[in-house]
Amino acid sequence: MRRLAAVVLTGVALVSGCATEENPADPLQLAATLEPARPAASPQQAGVPQGRVVPLGRATSVAVAGGRVAVAVADPPSVALYPVDAPGEPVVVPLPGPAERLVTVGDAVEAVVPAGVVVTIRPDGTTAQRAVDGAPVDTARVGGKTLVAQRDLRQVSVDGHVVRGISSPDRLVAVGDAAVVLDRPRSAVFDLDPAAEGPGAGLRAGEGATNAVADRFGRVFVVDTRGGELMAFSTGPLIMRLRYPLPGEPYGMAYDEARDLVWITLTGRNEVVAFDVAGAEPVERQRFATVRQPDSVAVDPGSGRVFVASGDGAGMQVIG
């Protein structure tokens, strides 16, 4: 295994969050037109997927909560709820539009629908919803407050307060009493104080960062899909702590707090890999063949069971 390359703050672009793609002086902007990285178009499967595959339409996200694994399906827009221990016939919850993201909130999941609504889905399939304008794409809980990323408005709302000046708030990661915002087009991460008027300092995150998770030590792990890397940042202040080569167009991420494992899908290889991140550098523990187009992954912290959802209708894979 190739060793981790440590990175210090020196030489890493440090900027505010208010610059936009119309600002050619933005040190995080490498091209005249910003294009967010996306999962690779996966090749045909070369190996047999580990575990069991449950038939399912094109999935956009997967999450585990309340003894259920929830999978967002694009057509028809809905969330399928399966028992974690024995996925069988699901409870299907219709949505007003395709969900970009499923977020675990206690025993429930929140389906974030860019068409303008966040739907809370309980384990029994009952729902509650709230309208959110500005193309909501993610939510997080920080210090008892609810944060919602509104991509079209370039802002994060915090229980009535608004943090403006974020070019593209695509992912929110809660870290203690603060948050980190991932901007996909600029491949950058930013500190976010929920009480502030705008974002804090930002750092470049590779060539095409797409997803992020936080671990129990307060670090934020980010995958660079375009550049083929796993990165880690500490917060307060925001500092890049490591870069680790990870070929295969890494994309989907999930963190198993009970085992300190970060699971990452490799869309260019139809694989999922688990890294032990308890130490100073990641250590690969497991690697499995997956369903084609493994865009999403989730893990049940109780059993360690892993769920990989296909973005092209190849089903949901259950490992463990």
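# Strands, sheets and buried residues in a predicted model

Strand 9 (residues 108–113) and strand 10 (residues 117–121) run antiparallel and are joined by 5 bridges. The structure in which they lie is a predicted model. Within this pair of strands, A111 offers a convenient place to begin, since its bridge partner in strand 10 is V119.

The two strands belong to a wider arrangement. An open sheet is formed by 4 strands in the order 8-9-10-11, and the pairing is antiparallel. At its edges are strand 8 (101–105) and strand 11 (127–131), each of which pairs on one side only. From one strand to the next, the twist averages 20 degrees.

Strand 9 also has a part in the description of the empty space inside the model. Rolling a probe the size of a water molecule over the atoms shows where empty space is left. How many cavities of 30 Å³ or more does the structure hold? The structure holds 1 such cavity. The volume of the largest cavity is about 40 Å³. Its lining consists of A65, R68, A70, L81, D107, A108, V109, I121, R122 and P123. The elements that give two or more residues to this lining are strand 5 (68–73) and strand 9.

A second sheet may now be considered. This open sheet has 4 strands in the order 24-25-26-27, and its pairing is antiparallel. Strand 24 and strand 27 (283–289) are the edge strands, each pairing on one side only. The twist from one strand to the next averages 20 degrees.

The reader may follow this sheet strand by strand. Strand 24 (residues 250–256) pairs with strand 25 in the antiparallel sense over 5 bridges. One residue of the pairing is Y255, whose bridge partner in strand 25 is V262. Strand 24 and strand 25 form a hairpin, with 4 residues between them. In the turn of this hairpin, D260 has a positive phi of about 55 degrees.

The next step leads from strand 25 to strand 26 (residues 271–276), and these two strands run antiparallel, joined by 6 bridges. Here L261 has D276 in strand 26 as its bridge partner. Strand 25 and strand 26 likewise form a hairpin with 4 residues between them, and N270 in the turn has a positive phi of about 55 degrees. The last step across the sheet joins strand 26 to strand 27 through 6 bridges, and these strands also run antiparallel. In this pairing, V273 stands opposite R287 in strand 27.

Why is strand 25 described as largely enclosed by the rest of the structure? The reason is that 6 of the 6 residues of strand 25 (residues 261–266) are buried. The side chains can be followed in two groups: L261, W263 and T265 point one way from the strand, whereas V262, I264 and L266 point the other way, and all are buried.

Three individual residues in other strands show how burial appears at the level of a single position. The place of Q317 is in strand 30 (residues 316–319). Is Q317 buried or exposed? Its relative accessible area is 0%, so Q317 is buried. The side chain of Q317 reaches the backbone oxygen of A289 at 3.0 Å. Beyond its neighbours within four places in sequence, Q317 is in contact with several residues, including P49, Q50, R52, V53, A289 and F307.

S78 lies in strand 6 (residues 78–83). A residue counts as buried when its relative accessible area is under 20%. The value for S78 is 8%, and S78 is therefore buried. Its side chain reaches the backbone oxygen of P76 at 3.0 Å. With neighbours within four places in sequence left aside, S78 is in contact with V71, A72, V73, V92, V93, P94 and L95.

M231 is found in strand 22 (residues 229–234). Its relative accessible area is 0%, so M231 is buried as well. When neighbours within four places in sequence are left aside, the residues in contact with M231 include A205, G206, V220, F221, M240 and L242. M231 can also be placed with respect to P245: the two are 14 residues apart in sequence, and their C-alpha atoms are 8.8 Å apart in space.

Definitions and conventions. Residues numbered from 1 in each chain as written. Predicted model: local features only at pLDDT ≥ 70, side-chain atom pairs only at ≥ 80, totals over all residues. Heavy atoms only, no water. Buried < 20%, exposed > 50% of the residue type's maximum accessible area, 1.4 Å probe, protein only. Polar contact = N/O pair within 3.5 Å; in protein donor to acceptor, adjacent residues only side chain to side chain. Contact = heavy atoms within 4.5 Å. Pairing = 2+ DSSP bridges. Axes fitted to C-alpha atoms, helices over the stretch in contact; angles between N-to-C directions. 1 Å grid on protein atoms, 1.4 Å probe; cavity = no way out; pocket = protein on both sides within 12 Å on 5 of 7 lines; lining within 4 Å. Points joined across faces, edges and corners; volume = space filled by probe spheres on them.
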